[in-house]
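Reader: I am new to this structure, and I would like to look closely at a single residue and then see the parts of the fold described around it.
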Amino acid sequence: MSDGDAGPRHWGYLSFGHHQPVQGSRTRTAREALVQHVEIAVGAEELGLDGAWSRVHHFQDQFAGPWALLGALAARTTRLELGTAVIDMRYENPLQAAELAAAADLISGGRLQLGLSRGSQEPALRGYEAFGHRPAEGQSAGDLAREHTRLFRAAVSGEPVAVSDPEETGVRAPLPLAPLSEGLARRLWWGSATRDSARWAGEQGYHLLSSTLLSEDTGVPFTQLQAEQIRLFREAWDQAGHPGTPRVAVVRTVLPIVSDQDEALFGRSRHGSFEQVGVLGGAVSRFGRSYVGEPDRIVADLRADDAVRAADTLLLTIPNLLGVDANLRLLDTVVRHVAPAV
């Protein structure tokens, strides 16, 4: 299945890594969030899922810099794709990130799937400046993210990024970074919230990540707008003449209810599961709905979802504050009762 029209063939989970010391939380500290993500990944691999993905947020009680976590996941799993959705490249030193990414990818045996982008709105005012990164004159924050991504991609591709010192080596020669993990540059994704950025990702040869938020609205349902985004991405990839088949991942919140315990945890969400339109970061944005209820209903809804049908990868957001056991029960229900029928 090369174009994804029959539905996703890869199923993974996506954790934001929330941690809060509030009533009912089983993930009260940053350490618990990190360790539990690794334990959920080990369990998800045993259940037959295809990927463990993590979100990156700065200045919040969630996952932040991903590199240590990716290394831990690489060491504890053997088969899962290990993804990020997404790394905010405004905050990254591109060459340092390239070294860390290559090391984690080598430990994993080539399983990293790195989602990169400008990132989402965060509480810090120009927080990337606190990390030492400032857009040049006339450059936007988005421009900064794309420039950092270009340098990162060049580095993980093995392109020279420095020259040797003749006084130390006797020659002046181009130097790539080490270590190099072959193939990592072909596993880079762009997190896109608009049709224009999806088209750009296809032109550049990145795979496409699209979440439950689109930073534009044309009046059509979310799934149709996202499906259009995917179509434009694939057309741009083909027109650019990139080799291989581009991949597309979409994100959904899926909460199947098969027990009284599920009803107690997720039942209230049935009534708030609808699309919304609002203003975020100054842009009119459309937010996708959640899929909550009995598995048969969820299967029907996912099969009717234009963007899910068009994607090859479906990432399920998990309520990570519920802890390891509850999330593995949720993922097990999806694996047994939802995924085979979608």
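Leaving aside its neighbours within four places in sequence, with which residues is Ser181 in contact?

Author: This is a predicted model, in which local features need pLDDT of at least 70 and side-chain atom pairs count only at pLDDT 80 or more, while totals for chains, interfaces and linings use all residues. Residues are numbered from 1 along each chain as its sequence is written, and side-chain values use heavy atoms, with hydrogens and water left out.

With its neighbours within four places in sequence set aside, Ser181 is in contact with Ala102, Asp105, Leu106 and Val156, where contact means heavy atoms within 4.5 Å. Ser181 belongs to the loop between β6 (174–175) and β7; such labels follow DSSP runs numbered from the N terminus, helices being H or I of at least four residues and strands E of at least two. Ser181 counts as buried because its relative accessibility is 4%, and the word buried stands for under 20% relative accessible area with a 1.4 Å probe and protein chains only.

β7, at one end of that loop, is also a member of a closed barrel of eight strands, which runs β1-β2-β3-β4-β7-β8-β10-β15 with parallel pairing; two strands pair if DSSP finds at least two bridges between them. From one strand to the next, the twist of this barrel averages 25 degrees, with axes fitted to C-alpha atoms and angles running from 0 to 180 degrees between N-to-C directions. β1 (residues 10–15) and β2 (residues 51–54) are joined in the parallel sense by four bridges, and Leu14 has Trp53 in β2 as its bridge partner. β1 also runs parallel to β15, with five bridges between them, and here Trp11 is partnered by Leu314. β10 (residues 248–252) meets β15 in parallel over four bridges, one of the partnerships being that of Val251 with Leu315. In β15 (residues 313–317), five of the five residues are buried, with Thr313, Leu315 and Thr317 on one side and Leu314 and Leu316 on the other.

Helix α2 (residues 67–76) has as its buried residues Trp67, Leu69, Leu70, Gly71, Leu73 and Ala74, and these pack against the barrel strands β2, β3 and β4 (112–117) as well as the helices α1 (30–47), α3 (94–108) and α5.

β7 returns in the lining of the largest pocket, to which β3 (81–88), α5 (141–156), β7 (188–191), α7 (195–204), β8 (207–210), α9 (260–266) and β13 (283–287) each supply at least two residues. On a 1 Å grid over the protein atoms alone, a pocket is an open set of points where a 1.4 Å probe fits, with protein on both sides within 12 Å along at least five of seven lines, and lining residues have an atom within 4 Å of a point. About 1,500 Å³ of space lies in this pocket, and among its 47 lining residues Phe16, Arg55, Ser211, Thr212 and Leu213 lie nearest the centre. The lining consists of 19 nonpolar, 23 polar and five charged residues, with Asp, Glu, Lys and Arg taken as charged, Ala, Val, Leu, Ile, Met, Phe, Trp, Tyr, Cys and Pro as nonpolar, and the others, Gly among them, as polar.

β13 gives the most to that lining, with three residues, and β13 is also part of an open, antiparallel sheet of three strands in the order β9-β13-β12. β9 (213–214) and β12 (276–280) are its edge strands, each pairing on one side only. β12 and β13 are joined by five bridges, and Val279 has Val284 in β13 as its bridge partner.

Notes:
Grid points are joined across faces, edges and corners, and a volume is the space filled by probe spheres set on the points. Buried means under 20% relative accessible area, exposed over 50%, partly exposed in between (1.4 Å probe, protein chains only).
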